[in-house]
Amino acid sequence: NVVHEASGTGTGVLGDSKTLNTYVYNNTYYLFDTTKPMNGVIETFDNYGGQYSSLPGYYVTDSGNTFYSERQKAAVDAHYYAGEVFDYYYDTFGRVSYDNQGADIRSTVHYGSNYNNAAWTGNQMIYGDGDGSTFTYLSGADDIVAHELTHAVTDTTAELVYENQSGALNESFSDVFGFFVDSEDWLMGEDVYTPGTSGDALRSLSNPNAYNQPDHMDEYRNLPNTESGDWGGVHINSGIPNKAAYYTINSIGISKAEDIYYRALTVYLTPSSNFSSARQALIQSAQDLYGSQAANAVSNAWSNVGVN
Ligand SMILES: CCCCC[C@H](S)C(=O)N[C@@H](Cc1ccccc1)C(=O)N[C@@H](C)C(=O)O
Ligand SMILES: [Zn+2]
């Protein structure tokens, strides 16, 4: 409520300064954003690598509403970018939080030990610190935050099963909306990937091959549906739908593409959708919204990656 709303400042993972929506109570400021519609709050926690508690951990607080410490950097970005992704879905599609019902958006930073990953647990986002070589704090990249929060959108809409082709689609939609939120480049995770090396990334939508992903069905990797098989290669075969998205966006533009991807995800896709049914869902969404020229562009994009 308004009497407790406050505006703080923080230093992000990359050393940048950000304004934060905070909450003040008993002279303590919390990373707790109550500014969004439908009473959904955005709240950020630190669980100290699980040393003292499981999830979510402890609210990130500061006595001066100034979140400048090294430890607070990951929380500053997790909090700020969660708000940015909320705003993206609300401003672009009118969607109120990931469930369209104003669900609270909860993040925990400093998860695990040198954890080179981030995830949606089914209830909240978690961000590792990285090992300092492969990754630095993973919440420092807005495309990663958008990737994880899009899993929550997928889980409340298409519910694409996280294995094989439906799982690769699940991963791809998270990457594609990561691009839509951070559409300055086709790279994924570049802001926090290999802090010692510039210009590289974990994945590329424009050139999946550059990071050992297939970009055509001829290169589809039939991996076992096990953890060591990346659940049938969900992070590998996502290169194919990612490349189709690259072609689609290049031919019809970001604005039309994001509407088509959102409609496919929320209206047509189902838990067991495969690449071919995703192609059909996107063609139908394009036809519904923008007619046959856009529908043909989508069809061509998927033909270019060998999916018909
Ligand atoms: C529980 C473990 C599996 C969860 C995988 C999460 S959803 C995921 O896909 N995380 C992203 C993080 C990311 C996103 C964009 C850019 C960089 C990194 C991911 O791709 N993780 C890779 C490292 C993986 O799990 O193989
Ligand atoms: Zn993912």
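Student: Which strand and which helix each supply at least two residues of the shell around ligand 1?

Tutor: Helices (H or I, at least four residues) and strands (E, at least two) are DSSP runs, numbered from the N terminus. Here strand S10 (118–120) and helix H2 (142–155) each supply at least two shell residues, and H2 gives the most, with four. This is a predicted model, in which local features need pLDDT of at least 70 and side-chain atom pairs count only at pLDDT 80 or more, while totals for chains, interfaces and linings use all residues. Residues are numbered from 1 along each chain as written, and side-chain values use heavy atoms, without hydrogens and water.

Student: How many residues surround ligand 1, and which are the closest?

Tutor: A residue is near a molecule if one of its heavy atoms lies within 4 Å of it. For ligand 1 there are 15 such residues, the closest being Asn-117, Ala-118, Glu-171, Arg-203 and His-235.

Student: Where does ligand 1 lie with respect to domain 1 and domain 2?

Tutor: Domain bounds come from an automatic or database domain assignment. Because domain 1 (1–156) and domain 2 (159–308) both give residues to the shell, ligand 1 lies between them.

Student: Which side chains have an N or O atom at 2.9 Å, 3.2 Å and 3.1 Å from an atom of ligand 1?

Tutor: A polar contact is a pair of N or O atoms within 3.5 Å. The side chain of Asn-117 has such an atom 2.9 Å from a nitrogen of ligand 1. Oxygen atoms of the ligand pair with the side chains of His-147, at 3.2 Å, and Glu-171, at 3.1 Å. The protein covers 77% of the 590 Å² of accessible area that ligand 1 has on its own (Shrake-Rupley method, 1.4 Å probe).

Student: What is notable about the peptide bond from Leu-55 to Pro-56, and about phi of Asn-27?

Tutor: Most residues other than glycine have a negative phi, and most peptide bonds are trans. The bond from Leu-55 to Pro-56 is cis, with omega near 0°; Pro-56 lies in the loop between strands S5 (42–46) and S6 (58–59). Asn-27 has a positive phi, near 60°, and belongs to the loop between strands S2 (17–25) and S3 (28–30).

Notes. Chains are lettered from A and ligands numbered from 1 in the order in which they are written. A polar contact is a pair of N or O atoms within 3.5 Å; within protein, one must be able to donate a hydrogen and the other to accept it, and residues adjacent in sequence count only if both atoms are side-chain atoms.
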